[in-house]
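Colleague: I'm new to this structure and would like a close look at one part of it. Please pick a spot in the packed interior, walk me through it, and then work outwards from there.

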Amino acid sequence: MPRTIVTANRLRDGEVVYLAPGGRWAERLVEAEAAESEPDLARLLATAEQAVRALLVVGPYEMPVERAEGELRPLSQRERIRALGPTVRADLGKQAYQAAVRRSVADVPV
Amino acid sequence: MYRYDELDRTLVGERVEQFRDQVARRLTGELSEDEFRPLRLMNGLYLQLHAYMLRVAIPYGTLSARQMRMLAHVARRYDKGYGHFTTRQNIQFNWPRLEDVPDILAELASVDMHAIQTSGNSIRNVTADPYAGVAADEIEDPRITAEIIRQWSTLHPEFSFLPRKFKIAVTGAPHDRAAVRVHDIGLRMRRNGEGEVGFEVIVGGGQGRTPIIGPTICEFLPKRHLLSYIEAILRVYNQLGRRDNLFKARIKILVQSVGAALFAEMVEEEWQHLRDGACELPVEEVARIEAHFASPPYEALDPHPPAFAARRLGDREFGRWCRTNLAAHKRPGYAIVNISLKPVGGVPGDATAEQMEAIADLAERFGFGEIRVTHAQNLVLPDVRLGDVYAVWQGLGDAGLATANIGLVTDIIACPGLDYCNLANARSIPVAQRISQRFAEIERQYEIGELKIKISGCINACGHHHVGHIGILGVDKKGEEFYQITLGGSGDENAALGDIVGPAFSYDAVVDAVETIIATYLAVRREGEPFLATYRRVGLAPFKERLYGAH
C-alpha cells in the first residue's frame with residue numbers, strides 16, 4: 001500500500017492537523033506518522049476516531065504521501081495547499097511560519 | 001437604507017444566543033459533528049480547506065459605513081486582517097476560530113448584521129442591482145422588493161428545508177446588473193400597457209453543473225401579488241423538487257423536466273389558493289419599507305461642474321479612472337463611483353481591514369454613508385457629488401483602491417478556488433492574477449475594450465464562468481490543474497451560456513490561451529465592436545483555429 005497519513009481539522013479553531021507518533025496532533029505535515037501497512041493504518045484511523053470522540057479533531061481522513069529528501073510530502077495539489085496555505089498569500093497559513101513545510105512543498109507553483 | 005425594527009433585532013439576537021449555546025454544546029461533546037453541522041451551516045459557518053469560514057449576509061449588497069467598519073473590526077480582531085467579497089454580494093472571513101464565532105455574530109448583530117441563510121437548503125440572501133435607487137435607467141428601486149422578500153423568507157418555516165438552496169435576484173432596471181436569468185427566481189421590473197409597474201418572473205435559471213438560462217413563466221406580475229406568487233413557486237418546488245439526488249435537486253431541473261409552460265400552469269394553479277390571501281402586500285407595510293429607501297437629501301447641483309471637468313482633463317490618471325469607474329446617476333451633478341477590488345496581481349474581491357475603513361470614511365464624508373457590493377466583487381459608492389469625485393479618487397488612491405479597470409479585461413471575477421475552498425478542483429485566483437499582470441498596461445486594456453473574464457475552480461460555478469465573455473473552469477486531470485475555456489457567455493439582459501472552445505489548457509498554458517483569444521478578437525473585430533458582439537458574429541471557428549490549428 002502507498003505510504004499513508006491521517007489528517008483532520010482541530011475542532012476549536014479549524015487548524016489543519018496531522019496525526020503524529022504517540023497520538024499527538026501536529027500542525028506540520030512533516031511530523032505525521034506514516035502507515036506503511038494495513039494494520040498500521042487501521043491503528044492510526046482508530047486513534048483518530050478516539051480523538052474525534054475526545055473533541056480534539058473533526059473529519060479525519062487518510063491521505064497518501066511520499067517520502068522525499070527524508071521528509072513526508074503530500075501527493076495531491078489540494079493537500080499541498082492545505083499543508084502550506086493559499087498559494088496567493090505567502091503570509092497566511094502554515095507557510096507563514098513554517099519554513100520546513102515550505103521546503104516540503106517547494107514544487108507548488110506560485 | 002433599511003434599519004432593523006425591534007422584531008428584526010430580537011430575532012437576530014435570539015439566533016446569536018442559540019448559536020452560542022450550540023457551539024458550547026459542541027465544544028463539550030453534547031453535540032456530535034453530524035448533529036452540529038446543519039446548525040453551523042444555518043449560521044453561515046463552513047469548514048473549509050484551511051480553517052472554518054464564516055459567510056456574512058449583506059442583504060441585496062447594501063452596507064452602511066458603520067457596518068463596513070464592523071466588518072473591518074471582525075477582520076482585524078477575529079480573522080487575519082481581511083475579508084473576501086463574493087459573487088453573491090456577501091463577505092467571507094477565511095480564518096475564524098469556532099470558539100470565537102458566537103462573539104463575532106454578537107458583534108455583527110450590534111450593527112444589524114448576521115449570517116442567517118447564507119448556507120443550507122434555504123432561501124439565500126436576496127441579491128439586487130448594486131446601482132439600486134441611483135441608476136439613471138431604473139424603473140423602480142429593487143431594494144424595496146428585495147427587503148420585502150428578505151423579511152418574508154427569513155426563517156420561513158415552510159421553506160427552511162427545501163430540496164436545495166434557493167437564490168432570488170431582483171433588477172429594477174432594463175440593463176440587468178443582477179444576472180436575473182441565472183437565478184432560481186429572477187425578478188425584472190417592467191411596465192405593462194397601462195404604465196403600471198410589476199415584475200417579469202423568471203424561474204429555473206442557474207449555473208453550476210447544469211447551466212440554464214431561466215425561462216419567463218409570468219410576463220407581468222402586479223406588485224401586490226409578489227409574495228403570494230413566489231410562495232406558489234416555492235410550494236411547487238418544495239413538493240416536487242428532487243430530494244433523492246443532490247445534483248438534480250435545484251428548481252431548474254424540475255422546470256426543465258416538466259417544461260416551463262407546464263411549470264407555469266402548476267404555479268398558477270397553486271397560486272389560485274394563495275392569491276389575495278395572507279401574503280398579499282398591505283399598502284401600509286410596503287409604504288413603511290419604501291420609506292427606508294427614500295432618496296438621501298440630494299442638492300440641486302450643476303450637472304457639469306467646471307472644476308470636475310478641469311480635473312478630468314488636467315490629471316491623466318484621474319481622467320482614466322473616471323472613464324471606467326464612474327456610472328450615470330439619476331440626479332444631475334452626482335455620480336455612481338465604482339471601487340475596483342481588482343488591483344493588477346491582486347486577489348479579486350479581497351479588501352483589508354484598513355481598506356474597509358477607508359471606504360467607510362469616504363462613504364461618510366462624500367456619500368451619505370452608503371456602500372454597495374457588486375456581484376462582480378467590486379464595491380460602489382452610490383451617491384457622490386461630481387464636485388467631490390476627485391477627493392474620493394485621491395482617498396481611494398491612498399488606500400490602494402484607485403484601480404481604473406471596471407468592465408475591462410483585468411476586472412476579473414474569480415471564486416476562492418483551491419487556494420481556500422474544499423470543493424475546488426483547481427486554483428482560480430492565481431489564474432486571475434496572471435491574466436491581470438499580462439494585460440496590466442492600461443492602453444492595451446482600452447484597446448481591448450469591455451471584456452468580462454470569469455473564473456471558477458470547480459463545476460459549482462461560484463466564479464460565474466458560464467456567463468463570462470471568456471469563461472474559465474478549473475478541472476482536475478489526474479491530479480493536475482487544467483482549465484476549460486468557454487466563449488460568448490453573458491449574465492446581463494442578453495444572457496447566454498458560453499460555448500466550450502476545445503480541450504482544456506494546463507495551468508502554465510491557460511494565460512497564453514486567453515491572450516491568443518484576445519489577439520484573435522482584435523484581428524477579426526469590426527470598428528468599435530465589443531468582444532461579445534464579435535463572438536456572436538463570427539462564432540467559435542476563428543478562435544478554435546488560432547488556439548488549436550497548429551496541432
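Modeller: Let's start at B:Val389. Setting aside neighbours within four places in sequence, B:Val389 is in contact with B:Phe308, B:Phe318, B:Trp321, B:Cys322, B:Leu326, B:Ala335, B:Val337 and B:Val384 (contact means heavy atoms within 4.5 Å). Before going on, bear in mind that this is a predicted model, where local features need pLDDT of at least 70 and side-chain atom pairs count only at pLDDT 80 or more, while totals for chains, interfaces and linings use all residues. As for bookkeeping, residues are numbered from 1 along each chain as its sequence is written, chains are lettered from A and ligands numbered from 1 in the order in which they are written, and side-chain values use heavy atoms, with hydrogens and water left out.

B:Val389 sits in the largest nonpolar core, a group of 116 residues, and shares with B:Leu71 and B:Val201 the distinction of having the most contacts inside it. Such a core is a set of buried Ala, Val, Leu, Ile, Met, Phe, Trp, Tyr and Cys residues joined through side-chain atoms within 4.5 Å; buried means under 20% relative accessible area, with a 1.4 Å probe and protein chains only. The top contributor is helix α6 (residues 226-240) of chain B, with nine residues. Helices here are DSSP runs of H or I, at least four residues, and strands are runs of E, at least two, numbered from the N terminus. There's also a second, separate core of 32 residues, with B:Ala432, B:Leu487, B:Val501 and B:Phe505 among them.

Helix α6 turns up again around α7 (residues 251-258) of chain B. In α7(B), B:Ile251, B:Lys252, B:Ile253, B:Leu254 and B:Val255 are buried, and their cover includes β9 (197-203), α6 and α8 (260-274) of chain B. Just past α7(B), B:Gly259 has a positive phi of about 90°.

Now outwards, to where the two chains meet. Chain A puts 23 residues into the contact and chain B puts in 31. About 2,200 Å² is buried between them, 59% of it from carbon and sulfur atoms; that's the accessible area (1.4 Å probe) the two parts lose on being put together, summed over both. On chain A's side, A:Arg12, A:Arg78 and A:Val88 supply 26% of the area buried against chain B, more than any other three residues. A:Arg12 also forms a salt bridge with B:Glu99, their closest N and O atoms 2.7 Å apart (the rule wants a side-chain nitrogen of Lys or Arg within 4 Å of a carboxyl oxygen of Asp or Glu).

Methods: Buried means under 20% relative accessible area, exposed over 50%, partly exposed in between (1.4 Å probe, protein chains only).
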